[in-house]
Amino acid sequence: MARSSITFDDNLVSVGFVVHLNYQNPYLSPFEEFQRFKTHPLIRDTFAGGKRISYGARAITEGGYQSVPKLAFPGGALIGCAAGFVNVPRIKGSHNAMLSGMLAAEHVAAALAHGRANDELADYEAAWRSSPVGRDLWRVRNAKPLWSKLGTLAGVALGGLDMWTNTLGFSLFGTLKHGKADFATLKPAAQCRPIAYQKPDGKLTFDRLSSVYLSNTNHEEDQPVHLLVRDGNLQKSSEHDVYAGPSARYCPAGVYEWVEEGGQPRYVINAQNCVHCKTCDIKDPNQNINWVPPEGGGGPNYPNM
Ligand SMILES: Cc1cc2nc3c(=O)[nH]c(=O)nc-3n(C[C@H](O)[C@H](O)[C@H](O)COP(=O)(O)OP(=O)(O)OC[C@H]3O[C@@H](n4cnc5c(N)ncnc54)[C@H](O)[C@@H]3O)c2cc1C
Ligand code: SF4
């Protein structure tokens with residue numbers, strides 16, 4: 001499943017392409033699907049004669065109401081995307097990030113006024129469900145599970161119906177659970193067909209490394225590794241041998257490579273290219289890759305955002 005958006009502004013075209021990370025074929029490459037999308041006859045002329053000026057990638061937290069974790073802990077609280085507050089059907093991510101920030105700030109101010117500090121903001125945790133953010137997320141809670149289970153046509157249609165009945169105060173479905181976690185949906189490579197993507201033409205379609213260059217990504221060269229592979233043997237025996245190394249394809253920055261060395265595959269991690277999209281942390285089939293914040297605030301630097 002995928003979706004896309006194109007916006008125009010002062011002779012500038014912004015194009016986005018979303019690949020849902022519950023895909024099954026380990027040979028799929030979200031980056032290459034995006035390149036292929038731009039060649040569609042209905043839109044390819046939009047880019048004719050244009051110059052590529054920027055590139056970026058980021059996972060969207062789409063779990064909604066059912067996926068919101070515990071929000072408060074001693075001395076801190078989760079707000080915005082850290083709490084998974086994106087409302088996908090209503091395209092309200094920034095909106096909910098700001099509203100939840102304001103809600104948390106109000107409860108912090110009230111706690112400080114009562115002489116409290118460094119304890120748990122339990123009232124914020126309790127308040128978000130009845131706040132505009134929580135109420136809005138509740139009404140759309142079945143849209144994503146229906147979409148994932150039934151596909152775009154039936155899923156989106158039934159999701160729309162459910163959103164409508166929820167505005168009237170009821171749902172025909174109750175509260176649907178999400179299916180498998182995204183890391184658990186990949187099939188072994190032996191059960192899937194490799195996908196042959198076209199070579200980039202340098203005009204409409206491009207390669208990953210020259211794209212990453214345009215994300216202005218920068219990490220200190222001697223900083224501690226921020227992409228941690230917990231068990232190297234498991235990466236070889238499962239990620240490589242069973243799933244044919246999907247990290248080399250799902251990473252939009254070409255960070256992961258399996259290279260032959262003395263007849264043996266060796267896992268290479270070009271961590272300096274990482275654009276912090278978090279896909280590896282989500283999609284590695286064994287949850288064997290752990291993304292941690294890099295030292296020194298390095299990473300992509302997106303202009304106009
Ligand atoms: C591809 C995509 C398309 C989207 N489209 C829309 C849309 O059309 N409309 C909409 O409303 N929303 C959209 N969203 C969602 C929206 O962008 C987010 O919901 C919103 O930006 C969340 O804001 P935030 O402040 O919670 O988190 P973020 O915007 O993610 O900000 C978190 C910041 O914290 C920084 N940070 C992280 N860790 C550390 C650390 N350890 N130390 C210091 N800094 C750190 C990050 O670098 C980042 O700048 C989209 C999201 C994506 C990924
Ligand atoms: S290494 Fe992980 S977080 Fe970094 S760009 Fe690749 S998939 Fe995204």
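Reader: How do strand S6 and strand S7 pair, parallel or antiparallel?

Author: Look at the sense of the pairing and count the bridges. This is a predicted model, and in it S6 (residues 256-261) runs antiparallel to S7 (residues 264-269), with six bridges joining the two.

Reader: Which residue in S7 is the bridge partner of Glu261?

Author: Find Gln264; that residue of S7 is bridged to Glu261. Between the strands of this hairpin there are two residues, and Gly262 has a positive phi near 60 degrees.

Reader: Okay, on to the ligands. Which residues come nearest to ligand 2?

Author: Start with the shell, then pick out the nearest members. Around ligand 2 there are 13 residues, and the nearest are Cys251, Val255, Cys274, Cys277 and Cys280. By character, that shell holds ten nonpolar residues, two polar and one charged.

Reader: And what does the shell around ligand 1 divide into?

Author: Same approach. For ligand 1 the split is seven nonpolar, six polar and two charged. The shell has 15 residues, of which Arg58, Gly80, Gly93, Ala97 and Pro293 come nearest to ligand 1.

Reader: Which helix gives the largest share of the shell around ligand 1?

Author: Helix H2, spanning residues 94-113, does, with three residues.

Reader: Last one, zooming out. What domains is the protein divided into?

Author: Check the residue ranges, since a domain can be written in pieces. Here domain 1 is given as 20-57 + 187-297, and domain 2 as 64-182. Between the C-alpha centres of domain 1 and domain 2 the distance is 30 Å.

Definitions and conventions. Residues numbered from 1 in each chain as written. Chains lettered and ligands numbered in written order. Predicted model: local features only at pLDDT ≥ 70, side-chain atom pairs only at ≥ 80, totals over all residues. Near = placed C-beta within 6 Å. Nonpolar A, V, L, I, M, F, W, Y, C, P; charged D, E, K, R; others polar. Helix = DSSP H or I, 4+ residues; strand = E, 2+ residues; numbered from the N terminus. Domains from an automatic or database assignment. Pairing = 2+ DSSP bridges.
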